[in-house]
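Welcome! Take a moment to look over the model below, and then we can walk through it together.

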Amino acid sequence: MAQVGIVMGSDSDMPVMSKAADFLEKMGISYDMRIISAHREPDVFFEYAKTAEEKGFKVIIAGAGMAAHLPGMCAAIFPMPVIGIPMYNDALSGEDALYSILQMPPGIPVATVALNGGKNAGILAAKMLAMSDSGLLEKLKAFTAEMKAEVEAKDAKLRETGYKEYKK
Ligand code: RP5
């Protein structure tokens, strides 16, 4: 049974959504990934959202662009957390999707990450699951330590080489 549902409104969202999946894989978290359009196939969408709990999902990561109703409608139906990812687009720089996902009415929250924030959505889902999984929590702590070590290594290299040599 997959612990996380990943759903996107179109395959054009895949480059962003795959970053969430990559992180879940790195943490050993099972997921189920789907392309479902709330607007273009509402019947398929409703079936997906209504059966998400019985499929065993503990959290849904939903990404969409433009008038992005997919994450909010997942949150209206699925009783556990929904993480929303607004997609950047050229027409309105993603502000349409950002506000559509972020500005939910009281009672139906969507935990909204940054525009194109696929990786952070994966990390946030992992942190939610880690509240009741100590092994996963340790993996997340190791990941945080890894990021710190990477920054420290870059700083050490900069101090050693100077900025002109740094990128060569
Ligand atoms: C939304 O419309 C999708 O989430 C996508 O971000 C956007 C454009 O969809 P396509 O025209 O690329 O299928 O429903």
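## The pocket and its ligand

This is a predicted model, and a good place to begin is its largest pocket, which holds about 410 Å³ of space. What takes up the space of the largest pocket? The ligand does.

Let's look at the walls. The lining of the largest pocket is made up of 22 residues, and S10, D13, A64, G65 and M66 are the ones nearest its centre. Sorted by class, this lining has eleven nonpolar, nine polar and two charged residues.

Now turn to the ligand itself. Which residues surround the ligand? They are G9, S10, S12, D13, R40, A64 and G65. In this shell around the ligand, one residue is nonpolar, four are polar and two are charged.

Some members of the shell make polar contacts with the ligand, and the table gives three of them, each with an oxygen atom of the ligand as the partner.

| Residue | Part of the residue with the N or O atom | Distance to a ligand oxygen atom |
|---|---|---|
| S12 | side chain | 2.7 Å |
| D13 | side chain | 2.6 Å |
| G65 | backbone | 3.0 Å |

How much of the ligand's accessible area does the protein cover? On its own the ligand has 360 Å² of accessible area, and the protein covers 70% of this.

To follow this in the picture, you could start from D13, which is among the residues nearest the centre of the largest pocket and has a side-chain N or O atom 2.6 Å from an oxygen atom of the ligand. G65 is also among those nearest the centre, and its contact comes from a backbone N or O atom.

Note on methods: Residues are numbered from 1 along each chain as its sequence is written. This is a predicted model: local features need pLDDT of at least 70, side-chain atom pairs count only at pLDDT 80 or more; totals for chains, interfaces and linings use all residues. Side-chain values use heavy atoms; hydrogens and water are left out. A residue is near a molecule or strand if one of its heavy atoms lies within 4 Å of it. A polar contact is a pair of N or O atoms within 3.5 Å; within protein, one must be able to donate a hydrogen and the other to accept it, and residues adjacent in sequence count only if both atoms are side-chain atoms. Accessible areas come from the Shrake-Rupley method with a 1.4 Å probe; for residues, only the protein chains shown count as cover. On a 1 Å grid over the protein atoms alone, a cavity is a set of points where a 1.4 Å probe fits but cannot get out, and a pocket is an open set with protein on both sides within 12 Å along at least five of seven lines; lining residues have an atom within 4 Å of a point. A molecule sits in a cavity or pocket if more than half of its atoms lie within 2 Å of its grid points. Ala, Val, Leu, Ile, Met, Phe, Trp, Tyr, Cys and Pro count as nonpolar, Asp, Glu, Lys and Arg as charged, and the others, Gly among them, as polar. Grid points are joined across faces, edges and corners, and a volume is the space filled by probe spheres set on the points.
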